[in-house]
Every structure is written in C-alpha cells, then in structure tokens.
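Biologist: Before we discuss this protein, I would like to see how each label is earned. Could you take me through the reasoning behind the terms you use?

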Amino acid sequence: MSAIIEVQHVSFVYPDETNPDKKVLKDVSLSIEEGSFVAVLGHNGSGKSTLAKLLNAIHKPTSGTILVDGMDTSDPSKLLSIRSTVGMVFQNPDNQIVASVVEEDVAFAPENLGVPPAEIRTRVDEALTMVGMYEFREHAPHLLSGGQKQRVAIAGVIAMRPRCIVLDESTAMLDPIGRREILHTARHLNEAYGMTVVLITHHMEEAAQASRLIVMSEGEIIADGPPREVFSHVEQLRSFGLSSPETVQLLYELQHEGILVPLDAITDEECAQVLVQLLR
Ligand SMILES: Nc1ncnc2c1ncn2[C@@H]1O[C@H](COP(=O)(O)OP(=O)(O)OP(=O)(O)O)[C@@H](O)[C@H]1O
Ligand SMILES: [Mg+2]
C-alpha cells in the first residue's frame, strides 16, 4: 500500500495566537496508508481538529510539510485537488445541510465544482446508495433523524469522489443509534469501496473498530498502533489521563490480582470469552 497522506515534522501555531510558543501541534509526523481505517483519540484541545483541518488545507503548517497524494497542502494551486481528495465531515449535521431536499443537498458541492448534470445524477445516486440513504432522496433533510442527516452530509462529501474522508467527531451530537449508523457507514465505505477513513472520536468503542489508533496529547502523538495493542498499555494511557475500554480495564484489574489473562480482549464478546474460560 502507498501513503495517501504524509505529515512530515509538522508544527502549528494559530495565526491569531499572540504567544508564538503556543504550538498546537509539535513536530508531528505520520503517514496514512491508502485504504486504511484510522481512528484519532485524545483529550479536548489535544490538537485533533487542527490536524484534521491541516489534512485538507483549511490550515497550512507553520513548519513542516503535508503531502496529500503527493500534493503539498501549502501550494495554493493544489487547493481544489487536495479538497476533492480529502473530504471533511464535521460534528453538527444541521450546519452541513444546505438544501431542502436530500438529493439537492448531495448535489450541491459537485454543482459548485461545475460537474456536468448527467454526471451529477450518477454521483448523487451513487453517494446516497453508499451511505444507505437512496430511498430518502426526495425527503426533506430537516425531518430526518440525526444519524440520517449525518449520512446525508457524508453523501454530500462522497459526491466529490474523495479518496479519503475525515470524520471530525461526526457522531458527537448523535444518539447511540445515530452513532452506530455513522460507524457502520464509515466501515462500509472503507471495506466495500476502499475509501481511506480518518475517524476522530472521543468514544473508545468507536476507536476500537479502526485498524489503527493514533492517540494525541497536547499536540503530540503519544501512541500509534492497532487498537488492541494501544489499549493494552493501560498504565501509559492513564499517565496521560486517558483510559482503556472497560473490557481491557477489567482484565487489567484481574491481572493485578495475579490472574493470568490477556489484555487484548477488547470487544464485549472477546472479554466474555476470556472470563468464561477463567471460570471453567
Ligand atoms: N482558531 C483558533 N485560534 C487559536 N487557538 C485555537 C483555535 N482553534 C483551536 N485553538 C486551540 O488549539 C488547541 C487544539 O484545539 P483543537 O480544536 O485542535 O483540539 P481538539 O483535540 O480537536 O479538541 P476537542 O476534543 O475539544 O475537539 C486548543 O488549545 C485550542 O484552544
Ligand atoms: Mg476537535
């Protein structure tokens, strides 16, 4: 696999920041493989959204380089190509929906890009199908549930045919059903269409579903690996004020009591299996 995004020694200070030493990102380097599903976890203010906005050239690095499919995000002539390669979905679906009919909403961005009408039709139908909202194409977005609205917002981004989609806490305002819908959609886009997904979240159960988990703290990457591995470092996470899923914590407490259990049984089912084995 090749990298679709390369972040090379990136530091970032907000331009309106009066203290030039207040780096929101500190020498961050990372490479995201095309087709991967990466979760980013971290406390409030750790720099997750800033990083996301750097990936699609909303912000430019103060120092260092970001390459999106080889294009430097600091090169203004590449802006459109970068934005259509990396799509962003934000937290509040209501702020992202612009039209009064679902399919018109999804058509909005490609129309603005000057995509021919016949092609727009194809893209809208395709995008709505990909997020499982095709049957709602003639509905009014404001009557949909939060999860459905957010899926329409995702379809609007997909209609630009991005190769990578960044979801910045796109489940944060949703109920548990809506959250599950978005997670399912993200996994589907990744598994069925090979779309690269970067999922920024506060929810450990969501992060656990990614194939790679990046943990940020105060503008730095403090852990990076498969979720099972990252979450098994219970004490390291605690030292940064973060925790592991309850499953891993339970197993960790058992280990502390001298009981031999693995720490990488991360899902409820896996953890239950370990406990059943133990009781036998
Ligand atoms: N426009 C801005 N101008 C100045 N500082 C900012 C701006 N936006 C964010 N910051 C600061 O940058 C730091 C990182 O913020 P960022 O929004 O990237 O964090 P985050 O990890 O996304 O947090 P959250 O979990 O709350 O969304 C914080 O200290 C924040 O106060
Ligand atoms: Mg944020």
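Modeller: This is a predicted model, and I would begin with the largest nonpolar core, which has 56 residues; those with the most contacts inside it are I154, I158 and F231.

Biologist: What does F231 touch, leaving out residues up to four places away in sequence?

Modeller: Counting heavy atoms within 4.5 Å as contact, F231 touches L41, M204, A207, A208, L213, L237, S243, S244, P245, V248 and I266. There is also a second, separate core of 29 residues, which includes A57, M88, C164 and V198.

Biologist: Why is T129 called partly exposed?

Modeller: The relative accessibility of T129 is 47%; buried means under 20% and exposed over 50%, with partly exposed in between, so T129 counts as partly exposed. T129 lies in helix α5, residues 117-130, and its C-alpha is 8.6 Å from that of A155, although 26 residues separate T129 and A155 in sequence.

Biologist: What makes the span of helix α7 close to the one expected?

Modeller: Helix α7, residues 176-193, has 18 residues and reaches 25 Å from its first C-alpha to its last, whereas 26 Å is expected at 1.5 Å a residue; the expected figure takes one less than the number of residues, and on that reckoning the span of α7 is close to expectation. The buried residues of α7 are G178, E181, I182, L183, T185, A186, L189 and N190, and they pack against β3 (37-42), α5, α6 (146-158), β7, β8 (196-201) and α8 (204-207). After α7 comes G194, with a positive phi near 70 degrees.

Biologist: Why are β2 and β5 said to stand at the edges of their sheet?

Modeller: That open sheet has 4 strands in the order β2-β1-β4-β5, with antiparallel pairing. β2 (25-33) and β5 (71-72) each have a single partner strand, so one side of each is left without a neighbour in the sheet.

Biologist: How do you know that β1 and β4 pair?

Modeller: Pairing requires at least two bridges, and 5 bridges join β1 (residues 3-12) to β4 (residues 63-68), the two running antiparallel; the requirement is therefore met. Within this pair, Q8 stands opposite T65 in β4. Helix α1, residues 48-55, packs on the sheet and touches β1, β2 and β4, its direction making about 125 degrees with that of β1.

Biologist: What makes the pairing in the sheet of 6 strands mixed?

Modeller: The order in this open sheet is β6-β7-β8-β3-β9-β10. β6 and β7 (residues 164-168) pair in the parallel sense over 4 bridges, with V166 in β7 as the bridge partner of M88, whereas β9 (residues 212-217) and β10 pair in the antiparallel sense over 5 bridges, with V215 opposite A223 in β10. Both senses occur, and the pairing is accordingly described as mixed. The edge strands are β6 (86-89) and β10 (220-225), each pairing on one side only, and the twist averages 20 degrees from one strand to the next. In the hairpin of β9 and β10, with 2 residues between the strands, E218 takes a positive phi near 45 degrees.

Biologist: How do you know that the side chain of Q96 and the backbone oxygen of N92 lie within the limit for a polar contact?

Modeller: The backbone oxygen of N92 lies 3.1 Å from a polar atom of the side chain of Q96, and the limit is 3.5 Å, so the distance falls within it. Q96 lies in helix α3, residues 93-96.

Notes. Residues are numbered from 1 along each chain as its sequence is written. Chains are lettered from A and ligands numbered from 1 in the order in which they are written. This is a predicted model: local features need pLDDT of at least 70, side-chain atom pairs count only at pLDDT 80 or more; totals for chains, interfaces and linings use all residues. Side-chain values use heavy atoms; hydrogens and water are left out. Axes are lines fitted to C-alpha atoms, for helices over the stretch in contact, and angles run from 0 to 180 degrees between N-to-C directions. Buried means under 20% relative accessible area, exposed over 50%, partly exposed in between (1.4 Å probe, protein chains only). A nonpolar core is a set of buried Ala, Val, Leu, Ile, Met, Phe, Trp, Tyr and Cys residues joined through side-chain atoms within 4.5 Å. A polar contact is a pair of N or O atoms within 3.5 Å; within protein, one must be able to donate a hydrogen and the other to accept it, and residues adjacent in sequence count only if both atoms are side-chain atoms.
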